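Trainee: Hey, could we go through this protein together? I'd like to know what to look at.

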Amino acid sequence: MRSKPQCGISLKVILLCCCFIFLFTVFIVRSTFSSSLFPSPSTANSSLSHLIPNPKPQQQQQQQPPCDQPFTPTCTKIPPSLAHAIIHYATTNVTPQQTIKEVSVSAAVLSKKSPCNFLVFGLGRDSLMWTALNHGGRTVFLEEDNSWIDQIKQKLPGLEAYHVTYDTKVHHADKLMEIGRKEECKAVGDPRFSKCELALKNLPSDVYDIEWDLIMVDAPTGYFDGAPGRMGAIYTAGLMGRNREEGETHVFVHDVNRVVEDSFSKAFLCEGYLTEQEGLLRHFTIPSHRARLGRPFCP
């Protein structure tokens, strides 16, 4: 029997060595390729050090100049009156009686004077707006129609409104203008004790006791002969302004395209005190006559 030749064993050894060398080469290549794609953190930091500036030490980053005062938040809640006004006018289809340009005249004064005392002859769809613009102040509405007060206050219970009555009529305007030219109507004093027939004497007592910074005359009704007319309201607004101890009162009269509002505002609020007119609104600035004795009724 012949023995197997030795070349078979040598071939096996060579094949095993070749397999080992191949696997070792593959392992080395993969290791090198992975290292080049995913460098270690230390290697990455050193290789990118020329691109990224060195961060400051944590202690230096936290150093800030000391604050002289404690931090005060700048955000505050919307005033309730403003919030109610936004909701009301955003959910209703009605608009105020005055145009935006007319409203802007009074709003400009309120922006400087508020919070202040604001008296309004008339209760309307713009009443919540006036209350909101005078946030923090006192806004009082005088209304001739008691049922209208109830209707408005059901929707807007926060408004301060009072019912008042008038004993005049629009067709009395000429006679009342003659009465207003008498000397007793030029005397400055509390309207409750005035001898002038134009002075309103039946208003709530608080109305007479407060010095009003602004007075808006947008009532009573005055568009037909049997209506009360605004003769007394215009005269009384001017008398209140003159009777304050010091300072001045801003009086606004709406609907000056009508005869009564036009003539009575010029006569008793005085053209010399007229500050501006926008549309159907006139703005008068009435100074105190008690602070400077001897001042004429009209300049």
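Mentor: Sure, we'll start with the overall picture and then go through the core, some helices and a few single residues.

Mentor: Keep in mind that this is a predicted model.

Trainee: Okay. How many helices and strands does the protein have?

Mentor: Eleven helices and seven strands. The protein has 299 residues, and 37% of them count as buried.

Trainee: And what share of the contacts join residues at least 24 apart?

Mentor: If you take contacts between residues at least 6 apart in sequence, 66% join residues at least 24 apart.

Trainee: Let's talk about the inside. Which residues of the largest nonpolar core touch the most other members?

Mentor: That core has 44 residues, and the ones touching the most other members are Leu119, Phe121, Leu203, Ile215, Tyr235 and Phe264. Helix 10, residues 231–243, gives the largest share of this core, with seven residues. There's also a second, separate core of 24 residues, with Ala132, Ala161, Leu214 and Met216 among them.

Trainee: Is there a general idea behind cores like that?

Mentor: Yes: in soluble globular proteins, nonpolar side chains tend to be buried together.

Trainee: Pick one core residue for me. What is Ile215 in contact with?

Mentor: Leaving out neighbours within four places in sequence, Ile215 is in contact with Phe118, Leu119 and Phe121. Its other contacts are Ala237, Met240, Thr249, His250, Val251 and Phe252.

Trainee: New topic: helix 5. How far apart are its end C-alpha atoms?

Mentor: They're 20 Å apart. Helix 5 covers residues 100–113, so that's 14 residues, and at 1.5 Å a residue they should span 20 Å, which agrees.

Trainee: Which residues of helix 5 are buried?

Mentor: Glu102, Val103, Val105, Ser106, Val109 and Leu110.

Trainee: Why would residues three or four places apart point the same way?

Mentor: An α-helix has 3.6 residues a turn, so residues three or four places apart point the same way.

Trainee: And what covers the buried residues of helix 5?

Mentor: The cover includes helix 6 (127–133) and several strands. Those strands include strand 1 (117–121), strand 4 (214–217), strand 5 (248–254), strand 6 (274–278) and strand 7 (281–287).

Trainee: How about helix 8 and helix 11, at what angle do they pack?

Mentor: At about 0°, with the axes of helix 8 (residues 173–180) and helix 11 (residues 259–270) 11 Å apart. That angle makes helix 8 roughly parallel to helix 11.

Trainee: Which residues meet there?

Mentor: From helix 8 you have Ala173, Leu176, Met177 and Gly180, and they meet Val260, Ser263, Phe264, Ala267 and Phe268 in helix 11. Sorted by type, the residues of this contact are seven nonpolar, two polar and no charged.

Trainee: Now the backbone. Where do I find cis peptide bonds?

Mentor: One joins Ser114 and Pro115, with omega about 0°. Pro115 sits in the loop between helix 5 and strand 1. Another joins Ala219 and Pro220, again with omega about 0°, and Pro220 is in the loop between strand 4 and helix 10.

Trainee: What's notable about the phi of Asp255?

Mentor: Phi is near 65° there, a positive value in a residue other than glycine. Asp255 is in the loop between strand 5 and helix 11.

Trainee: Buried or exposed?

Mentor: Asp255 is buried, with a relative accessible area of 14%. Cys270 has a positive phi too, about 75°, although it is not a glycine. Cys270 is in helix 11, and at 1% relative accessibility it counts as buried.

Trainee: Last bit: the segment after strand 7. What does His289 touch?

Mentor: Not counting neighbours within four places in sequence, His289 is in contact with Val188, Arg242, Tyr273, Arg295, Pro296 and Phe297. His289 is in that segment and is buried, at 6% relative accessible area. The C-alpha atoms of His289 and Arg244 are separated by 7.5 Å, though the two are 45 residues apart along the chain.

Trainee: And Cys298?

Mentor: Cys298 is also in the segment after strand 7, but at 29% relative accessibility it counts as partly exposed. Beyond residues up to four places away in sequence, Cys298 touches Arg242, Ala267 and Cys270.

Notes. Residues numbered from 1 in each chain as written. Predicted model: local features only at pLDDT ≥ 70, side-chain atom pairs only at ≥ 80, totals over all residues. Heavy atoms only, no water. Core = buried A, V, L, I, M, F, W, Y, C linked by side-chain atoms within 4.5 Å. Buried < 20%, exposed > 50% of the residue type's maximum accessible area, 1.4 Å probe, protein only. Helix = DSSP H or I, 4+ residues; strand = E, 2+ residues; numbered from the N terminus. Contact = heavy atoms within 4.5 Å. Expected span 1.5 Å × (residues − 1). Axes fitted to C-alpha atoms, helices over the stretch in contact; angles between N-to-C directions. Parallel < 35°, antiparallel > 145°, perpendicular 65-115°, else oblique. Nonpolar A, V, L, I, M, F, W, Y, C, P; charged D, E, K, R; others polar.
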